[in-house]
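Trainee: I would like a close look at a single part of this model. Please take one strand, its partners, and then what lies around them.

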Amino acid sequence: MTTWNSLQPQVTPQVTVKYLVTLSKNVNHSLSHCLQCARVSSRRWLNLQEYQSKKLMQESGVTVQRFYVADNPPDALQAAKRLNAKEIVLKAQILAGGRGKGVFNSGLKGGVHLTKDPSVVGELASKMLGYSLTTKQTPKEGVEVKTVMVAEALDITRETYFAILMDRACNGPVMVGSPQGGMDIEEVADKSPELIFKEVIDIFEGVRDDQALRMAANLGFKGPLERQAADQIKRLYDLFLKVDATQVEVNPLGETPEGQVVCFDAKISFDDNAEFRQKAVFAMGDMSESDPTETEAAKWDLKYIGLDGNIACFVNGAGLAMATCDIIDLHGGKPANFLDLGGGVKEKQVYEAFKLLTADPKVEAILVNIFGGIVNCAIIANGITKACRELELKVPLVVRLEGGYYKLLLNATAESDFKNALRRMHTLRLC
């Protein structure tokens, strides 16, 4: 066992990781593979269902399809009848993409169905609600569908792309549009960059009439539709400001044979820092599809993403956390997670982080890599002490503390408790 006092200067982070890797099994895959196999993306950020985004747009005067939401088949049937539309689209509401090509464990194929007969909506909904829908973006077991959206199906004569987003290079919001919508905008930018149009928005003036009209013309809207599209663009910017969005993306922004400009599908991203003044919006957040560990981590303000390795990482700072994952991979290991404690970490957060890491059955060793710039190393040490004492850790632990309050910690009363707690581990390396 290497203790605080017998530590030699030549013990580097690289040596530490080499040592840690020898404790783990199954070390043949690269970090890139780990990232590809990461659990469904972290739900730390606000996620809204399609109908919720459409509701926000409706409230800002943006034109969307008429729709209702139902959580049982009879209500879905009644909604279809109330629409009194020529054609109806029934959509399963989950956060993952690829619904149209998904499969339910009820046997129904497709999470999006079109019909001209309202009477079949109830039957279709009965094969969606309460059943799991599996798509390319869901876990293997799929995601249970709890609500469906019953909407008026509209014909689209032309599809365009439009978005408002924050652009760091412009120090504010910009409008981005293309007359080629309904497809991957990155593909358009790659193959036909001349079809991507951009307008910088003055944060004090907002979207000017001439900017909105110019963007509408660039999107290919003509005649009365140009003015109508410009009006929709200005309303979307109002929504962008109203909900503290970082991005409002409409794909497609289409025109119908009846001469309407309609936002058929939209994605809204929100500024998490604005939660204190957007409580109603954030209360709509759907956490049901979140990974339970990532949801719990978010409660303690821990930035956590689960990976498929077996070496748990306990790090402060996103850059150091990524570098730690890289160095584990470099020496043949597999990170079990990405975990950034952040700069203002408290002892309770350290303890809760250990609870999360040790609850993962895949974890066979834990690497603590702390650089105390803002972080007080004594807080980390006290949290680890508490975790070792109360959680009865059963896996090897490697600890590296360096920086703020490190020297004071060496002489602190807590030192003996820290060492004694660590001695109870199966294997220890402290550097």
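How many bridges join S11 to strand S13 (residues 266-270), and in which sense do the two run, parallel or antiparallel?

Mentor: Five bridges join S11 to S13, and the two strands run antiparallel. Keep in mind that this is a predicted model.

Start with one pair of residues. Ala245 stands opposite Phe270 in S13. Strand S11 covers residues 245-255, and eight of its 11 residues are buried. So the strand is largely enclosed by the rest of the structure.

S13 is one partner of S11. Strand S8 (residues 158-167) is another: seven bridges join S8 to S11, and the two run antiparallel. One position to pick out is Leu165, whose bridge partner in S11 is Gln247. Then comes strand S12 (residues 261-263). S12 pairs with S11 over three bridges, again in the antiparallel sense. Here the bridge partner of Gly254 is Val262 in S12.

The link between S11 and S12 deserves a look. The two strands form a hairpin, with five residues between them. Gly259 sits in that turn and has a positive phi of about 85°. In general, strands of a sheet pair through backbone hydrogen bonds, either parallel or antiparallel. The three pairings of S11 described here are antiparallel.

Now follow S13 outward. Ser53 is in contact with Ala266 and Ile268, and also with Leu48, leaving aside its neighbours within four places in sequence. Strand S13 spans residues 266-270. Ser53 itself belongs to helix H3 (residues 50-59). The relative accessibility of Ser53 is 5%, so this serine counts as buried; the cut-off is under 20%.

H3 leads to a second sheet. The helix lies across S1, S2 and S7, running at about 140° to S1. Helix H4 (residues 73-83) lies across S1, S2 and S7 too, at about 15° to S7.

The sheet under these helices is open. Its four strands come in the order S1-S7-S2-S4, and the pairing is antiparallel. Strand S1 (67-70) and strand S4 (112-115) stand at the edges. Each has a single partner strand, so one side of each is left without a neighbour in the sheet. Neighbouring strands of this sheet are turned by 20° against each other on average, direction ignored.

Inside that sheet, look at the pairing of S2 with S7. Strand S2 (residues 88-92) and strand S7 (residues 148-152) run antiparallel and are joined by five bridges. Lys91 stands opposite Met149 in S7.

Charged groups over rings are the next thing to check. The charged end of Arg82 sits over the ring of Tyr68, 4.4 Å from the ring centre. Arg82 falls in H4, which covers residues 73-83, and Tyr68 falls in S1, which covers 67-70. Elsewhere, Lys386 lies over the face of Tyr351, at 4.9 Å from the ring centre.

Now the ring pairs. A pair of aromatic rings is described by the distance of the centres and the angle of the planes. There are three aromatic pairs in this model. One is Tyr237 with Phe240: the centres are 6.0 Å apart and the planes stand at 15°, so the pair is stacked. Both residues lie in helix H8 (residues 224-242), three residues apart, about one turn of the helix. Tyr237 counts as buried at 3% relative accessibility. Phe240 counts as buried at 3% as well.

Another pair is Phe314 with Phe354. Those rings are tilted, 5.0 Å centre to centre, with 50° between the planes. Phe314 lies in strand S15 (residues 311-315) and Phe354 in helix H12 (residues 347-359). The pair therefore ties together parts that are 40 residues apart in sequence. Phe314 is buried, with a relative accessible area of 0%. Phe354 is buried too, at 0%.

Last, the whole chain as background. Its secondary structure comes to 15 helices and 19 strands. Of the 431 residues, 48% are buried. Among contacts with a separation of 6 or more, 71% come from residues 24 or more positions apart. The chain exposes about 20600 Å², and carbon and sulfur atoms supply 51% of that area.

Technical notes
Residues are numbered from 1 along each chain as its sequence is written. This is a predicted model: local features need pLDDT of at least 70, side-chain atom pairs count only at pLDDT 80 or more; totals for chains, interfaces and linings use all residues. Side-chain values use heavy atoms; hydrogens and water are left out. Buried means under 20% relative accessible area, exposed over 50%, partly exposed in between (1.4 Å probe, protein chains only). Contact means heavy atoms within 4.5 Å. Rings of Phe, Tyr and Trp (its six-membered ring) pair if their centres lie within 6.5 Å; planes under 30 degrees apart count as stacked, over 60 as edge-to-face and the rest as tilted. A charge sits over a ring if NZ of Lys or CZ of Arg is within 6 Å of the ring centre and within 35 degrees of the ring normal. Accessible areas come from the Shrake-Rupley method with a 1.4 Å probe; for residues, only the protein chains shown count as cover. Two strands pair if DSSP finds at least two bridges between them. Axes are lines fitted to C-alpha atoms, for helices over the stretch in contact, and angles run from 0 to 180 degrees between N-to-C directions.
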